[in-house]
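Trainee: I have a new structure to read. Where do I begin?
Mentor: Start with the whole, then pick out single features.

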Amino acid sequence: MKTYVNIKAVGYAAILFVITITGCKKYDDPAPLFEEYGGDKTVAERKVLIISIDGLSGSELKIIAPAAIKKLQATSKYSYSVSNPQKTNDVSSWVSMMTGVSINKHGILDDSFLRGQVDDDDHTLIKYYTSTYDYVMQYKPTYKTAIITPWAELRKYMLLANYTPEAKTDIEVKDSTISLLKQKNIGAMVVNFKDVEAAGNQGEFLASNEAYKSAVIKADEYVGNIIDALKSRKEYATHNCLVIVTTNHA
């Protein structure tokens with residue numbers, strides 16, 4: 001199995017399956033591969049694993065350089081830069097991540113995950129944007145999806161996911177993710193850690209803040225545990241998995 005990793009600190013969030021890379025690239029793009037029509041129709045099953053470490057700053061990640069993510073960088077494309085300096089909050093960032101559109105379009109700002117009226121006309125049609133998981137259901141109906149997060153409102157927002165285990169802490173998120181990887185064949189999985197953001201809110205989002213640094217190192221440990229579980233799957237050799245490590249907003 002080929003595992004492709006994208007490590008990226010983003011401004012308003014990442015589009016789930018398509019990421020625009022900014023900043024430095026660890027390696028050049030591979031040369032195009034052309035195959036004769038009518039050849040071997042066998043295609044490796046494609047999977048996507050998104051891991052969002054909320055509150056993780058690209059600049060501080062670069063300073064801390066935790067072991068698991070640093071190891072992933074050896075075979076990845078990554079950037080420590082913010083791709084969009086627009087000011088956002090947790091809710092708007094996650095809606096952007098799940099829909100692929102900016103806050104200027106989706107207009108969702110609070111944890112009801114509902115868009116309010118954008119002008120004084122009560123008859124104006126309120127437009128909602130489709131979650132990426134809706135597209136997965138439409139174009140890959142056999143694929144199973146999952147969202148693992150300690151944030152209850154985010155789980156409700158992603159109610160179309162096949163698996164939404166209740167996890168109240170980051171360690172429960174890690175354990176639930178590993179359990180699903182071992183037991184289920186999931187096509188698209190989103191994993192969300194919150195302790196780094198909590199540590200930053202209690203002090204500063206800086207590597208010099210020991211609580212923040214420790215939270216980053218612990219989240220990195222969980223990332224390593226999840227990657228190990230992914231690689232231990234018996235189907236690993238027959239799947240192509242895109243792994244994206246990102247943050248909600250910087």
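Trainee: What percentage of the 250 residues of the protein count as buried?
Mentor: First, note that this is a predicted model. Buried means under 20% relative accessible area. Here, 47% of the 250 residues pass that test.

Trainee: How many helices and strands does the protein have?
Mentor: There are nine helices and six strands. Look at sequence separation too. Take the contacts with a separation of 6 or more: residues 24 or more positions apart account for 71% of them.

Trainee: What does the protein expose, and which atoms supply it?
Mentor: About 13400 Å² is exposed, and carbon and sulfur atoms supply 53% of that area.

Trainee: Now one helix. Why is helix H3 described as largely enclosed?
Mentor: In general, an α-helix has 3.6 residues a turn, so residues three or four places apart point the same way. Now check burial along H3, residues 90–99. Ten of its ten residues are buried, so the rest of the structure largely encloses this helix. Among them are Asp90, Trp94 and Met98.

Trainee: What happens at the start of H3, and what follows the helix?
Mentor: At the start, a side-chain oxygen of Asn89 comes within 3.2 Å of the backbone nitrogen of Val91. Gly100 follows H3, with a positive phi near 85°.

Trainee: Which residue has a positive phi although it is not a glycine?
Mentor: Ala65, at about 45°. Find Ala65 in the loop between helix H1 (58–64) and helix H2 (67–73).

Trainee: What is the relative accessible area of Ala65?
Mentor: The value is 34%, so Ala65 is partly exposed.

Terms used:
Residues numbered from 1 in each chain as written. Predicted model: local features only at pLDDT ≥ 70, side-chain atom pairs only at ≥ 80, totals over all residues. Heavy atoms only, no water. Buried < 20%, exposed > 50% of the residue type's maximum accessible area, 1.4 Å probe, protein only. Helix = DSSP H or I, 4+ residues; strand = E, 2+ residues; numbered from the N terminus. Polar contact = N/O pair within 3.5 Å; in protein donor to acceptor, adjacent residues only side chain to side chain. Contact = heavy atoms within 4.5 Å. Areas by Shrake-Rupley, 256 points an atom, 1.4 Å probe, with all protein chains shown as cover.
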